[in-house]
Amino acid sequence: MFQKLPRTDVERVACLAYYLTHYRDTPYFKTLDISKLNTEAAQVKFSNPAVAVDNATKQHYLVPASKGNKQISALGEQFVLALPDRDQARDVMNNARPRRRGRREQSDS
């Protein structure tokens with residue numbers, strides 16, 4: 001898994017989520033599952049795993065699933081597949097469709 005060479009906690013969360021989904025048949029997971037897999041992979045502990053998972057969600061690597069679980073997003077999967085090619089991974093994130101603004105946000109403009 002770590003031939004992907006994640007540089008940040010958020011990237012590491014995305015890689016771990018990809019691994020859980022595709023190699024552990026665990027498409028839905030909690031922060032604790034990410035943390036345990038990180039320890040099993042003998043990686044440096046997260047200073048705050050909940051914050052790392054929340055940030056990965058905010059950056060669209062993960063999306064909420066049922067019952068408080070998370071799952072890797074299609075964008076997150078593309079990002080992990082592009083690694084370790086940093087340029088290609090950056091292009092994946094830059095070319096992601098911009099989120100549509102809701103009616104409330106449009107009327108505020």
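Is glutamate 40 buried or exposed? Glutamate 40 is exposed, with a relative accessible area of 53%, because the cut-off for exposed is over 50%. The model is predicted. A search of the whole structure finds four salt bridges, and three of them are described below, followed by the contact of helix α1 with helix α4.

**Salt bridge between α2 and the loop before it**

- Glutamate 40 pairs with arginine 24: their side chains meet in a salt bridge, with 2.3 Å from N to O.
- Arginine 24 lies in the loop between α1 and α2 (31-40), while glutamate 40 belongs to helix α2, so the pair ties together parts that are 16 residues apart in sequence.
- Arginine 24 is partly exposed, at a relative accessible area of 35%, whereas its partner glutamate 40 is exposed.

**Salt bridge within α1**

- The side chains of arginine 12 and aspartate 9 form a salt bridge, with an N to O distance of 2.8 Å.
- Both arginine 12 and aspartate 9 sit in helix α1, which covers residues 9-23; they are three residues apart, about one turn of the helix.
- Arginine 12 has a relative accessible area of 10% and is therefore buried, the cut-off being under 20%.
- Aspartate 9, at 29% relative accessible area, is partly exposed.

**Salt bridge within α5**

- Aspartate 87 and arginine 90 are joined through their side chains by a salt bridge of 2.4 Å, N to O.
- Helix α5 (residues 86-94) holds both aspartate 87 and arginine 90, three residues apart, or about one turn of the helix.
- Aspartate 87 is partly exposed, with a relative accessible area of 47%.
- Arginine 90 is also partly exposed, and its relative accessible area is 45%.

**Background on pairing**

- Side chains of opposite charge can pair when their charged atoms come close.

**Contact of α1 with α4**

- The axes of α1 and helix α4 (residues 74-82) come within 9 Å and cross at roughly 100°.
- That angle makes α1 roughly perpendicular to α4.
- On the α1 side, the contact is made by Glu11, Ala14, Cys15, Tyr18, Thr21 and His22.
- On the α4 side, Glu77, Phe79, Val80 and Leu81 make the contact.
- Sorted by class, the contact of α1 with α4 has six nonpolar residues, two polar residues and two charged residues.

Terms used. Residues are numbered from 1 along each chain as its sequence is written. This is a predicted model: local features need pLDDT of at least 70, side-chain atom pairs count only at pLDDT 80 or more; totals for chains, interfaces and linings use all residues. Side-chain values use heavy atoms; hydrogens and water are left out. Helices (H or I, at least four residues) and strands (E, at least two) are DSSP runs, numbered from the N terminus. Buried means under 20% relative accessible area, exposed over 50%, partly exposed in between (1.4 Å probe, protein chains only). Axes are lines fitted to C-alpha atoms, for helices over the stretch in contact, and angles run from 0 to 180 degrees between N-to-C directions. Angles under 35 degrees count as roughly parallel, over 145 as roughly antiparallel, 65 to 115 as roughly perpendicular and the rest as oblique. Contact means heavy atoms within 4.5 Å. Ala, Val, Leu, Ile, Met, Phe, Trp, Tyr, Cys and Pro count as nonpolar, Asp, Glu, Lys and Arg as charged, and the others, Gly among them, as polar.
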